[in-house]
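Colleague: I am new to this protein and would like to be led through it slowly, with the reasoning spelled out at each step.

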Amino acid sequence: PFFIHFSLFPNIPYAFPTTRTLSRVLRLSFWYSIDLFVTYSEASKDKQKFLVILGFIFFTFEYLLYLDSYYIHLSIKNAGDDRLANKEVINIVKSLNQNYDQVWVTNKGSGYIHYLFYLKYPPSEYQKQAKLGALNEFGFGQVEGFDKFKFQRVPKYFDFSKKILYVASSGEEPLNLKPIQKTLYPDGRDAYLVFDTQTVENQCIICSLSSKPSDKDIYGDPIN
């Protein structure tokens, strides 16, 4: 039994990259923890010392690998997954939103949960105001808004008569638009751009609702 359990030991660090969901990672952590406990309890004292030394080596290696992956390579290979850009843009929104009737946030970005957290929005108020979208075939839906916040695609055609603050992912903004503020990913690419209807009106006249073709919606998609 000791050999069977011990043979799994070197595979522990490689189990977690094979899954993408947190629940599976937790299950793997649980079972491997039991396996390590059984391995250690069944070993002789000499083997227990060996396991402690080997465990320390593996722990040190994995911890260094974590530090390198998270603090060095993340900003190079997966800069778009960095969540600090969410916090930064929400702080910008927090400082500006009182000047607008509505805050329109892209649904390609951080989502409503980050706004609830960083704005410290009261759960009791959110539960009264949450606007839920249609459920998919799995029974899950998207939160489309709460209070003055709306989480949908950024439109192509804008209603200049309304005072709206927009938060767009890079590439969703009107062409050559100069935003009020923007945030960057660690690699220097644009993350989110913050602008309002007045900004669009001053820089993109053809983005007005009056310029929208009758056979298209505000996103520029054909109307069926």
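The questions and answers below go from the whole chain to single residues.

Colleague: Before we go into details, how many helices and strands does the protein chain have?
Modeller: Please keep in mind throughout that this is a predicted model. In the protein chain, buried residues make up 32% of the 224 residues, and of the contacts with a separation of 6 or more, 66% are between residues 24 or more positions apart. The secondary structure of the chain comes to eight helices and seven strands.

Colleague: How much surface does the protein chain expose, and what share of that area do carbon and sulfur atoms supply?
Modeller: The exposed surface of the protein chain is about 14900 Å². Of this area, the share supplied by carbon and sulfur atoms is 59%.

Colleague: In what order do the strands of the sheet lie, and which are the edge strands?
Modeller: Seven strands form an open sheet with mixed pairing, and their order is β2-β3-β4-β1-β5-β7-β6. An edge strand here is one that pairs on one side only, and that description fits β2 (131–132) and β6.

Colleague: Which strands does β1 pair with, and which residues stand opposite Val-105?
Modeller: In the order of the sheet, β1 stands between β4 and β5. Strand β1, residues 102–105, runs parallel to β5 and is joined to it by four bridges, while three bridges join β1 to β4 (residues 149–151), again in parallel. On the β5 side, Gln-102 stands opposite Ile-164. As for Val-105, the residue opposite it in β5 is Val-167, and the one opposite it in β4 is Phe-151.

Colleague: Turning to α5, why can its buried residues be said to lie on the same side of the helix, and what arc do they cover?
Modeller: Helix α5 has 13 residues and reaches 19 Å from its first C-alpha to its last, close to the 18 Å expected. Its buried residues are Ala-85, Asn-86, Val-89, Ile-90, Ile-92, Val-93 and Leu-96. They are on the same side of α5 because the arc they cover around the axis is only 155°.

Colleague: And which elements do the buried residues of α5 pack against?
Modeller: The partners include a helix, α6, which spans residues 112–118, and several strands of the sheet. Taken together, the elements that the buried residues of α5 pack against are β1, α6, β4, β5, β6 and β7.

Colleague: Is Asn-97 buried or exposed, and which residues is it in contact with beyond its neighbours within four places in sequence?
Modeller: Asn-97 lies in the loop between α5 (84–96) and β1. Its relative accessibility is 16%, and because buried means under 20%, Asn-97 counts as buried. Leaving aside the neighbours within four places in sequence, Asn-97 is in contact with Val-103 and Lys-148.

Colleague: Where is Tyr-185 found, and what separates its C-alpha atom from that of Asn-86?
Modeller: Tyr-185 is found in the loop between β6 and β7 (190–196), and with a relative accessible area of 15% it is buried. Asn-86 belongs to the buried residues of α5. Although Tyr-185 and Asn-86 are 99 residues apart along the chain, their C-alpha atoms are separated by 9.8 Å.

Colleague: Which residues other than glycine have a positive phi, among them one in the loop between α6 and α7?
Modeller: Most residues other than glycine have a negative phi, so a positive value deserves mention. Lys-120, in the loop between α6 (112–118) and α7 (123–129), is exposed with a relative accessible area of 67%. Asn-176, in the loop between β5 (164–169) and β6 (181–184), is also exposed, with a relative accessible area of 68%. The positive phi values are near 55° for Lys-120 and near 60° for Asn-176.

Colleague: Which cysteines does the disulfide join, and why is it right-handed?
Modeller: The count comes to one disulfide, with a distance from S to S of 2.0 Å. Cys-204 and Cys-207 are both buried. The disulfide is right-handed because the torsion about its S-S bond is about 65°, and the two cysteines joined are Cys-204 and Cys-207.

Key. Residues numbered from 1 in each chain as written. Predicted model: local features only at pLDDT ≥ 70, side-chain atom pairs only at ≥ 80, totals over all residues. Heavy atoms only, no water. Helix = DSSP H or I, 4+ residues; strand = E, 2+ residues; numbered from the N terminus. Buried < 20%, exposed > 50% of the residue type's maximum accessible area, 1.4 Å probe, protein only. Pairing = 2+ DSSP bridges. Disulfide = S-S within 2.5 Å. Contact = heavy atoms within 4.5 Å. Areas by Shrake-Rupley, 256 points an atom, 1.4 Å probe, with all protein chains shown as cover. Expected span 1.5 Å × (residues − 1). Arc of directions from axis to C-beta.
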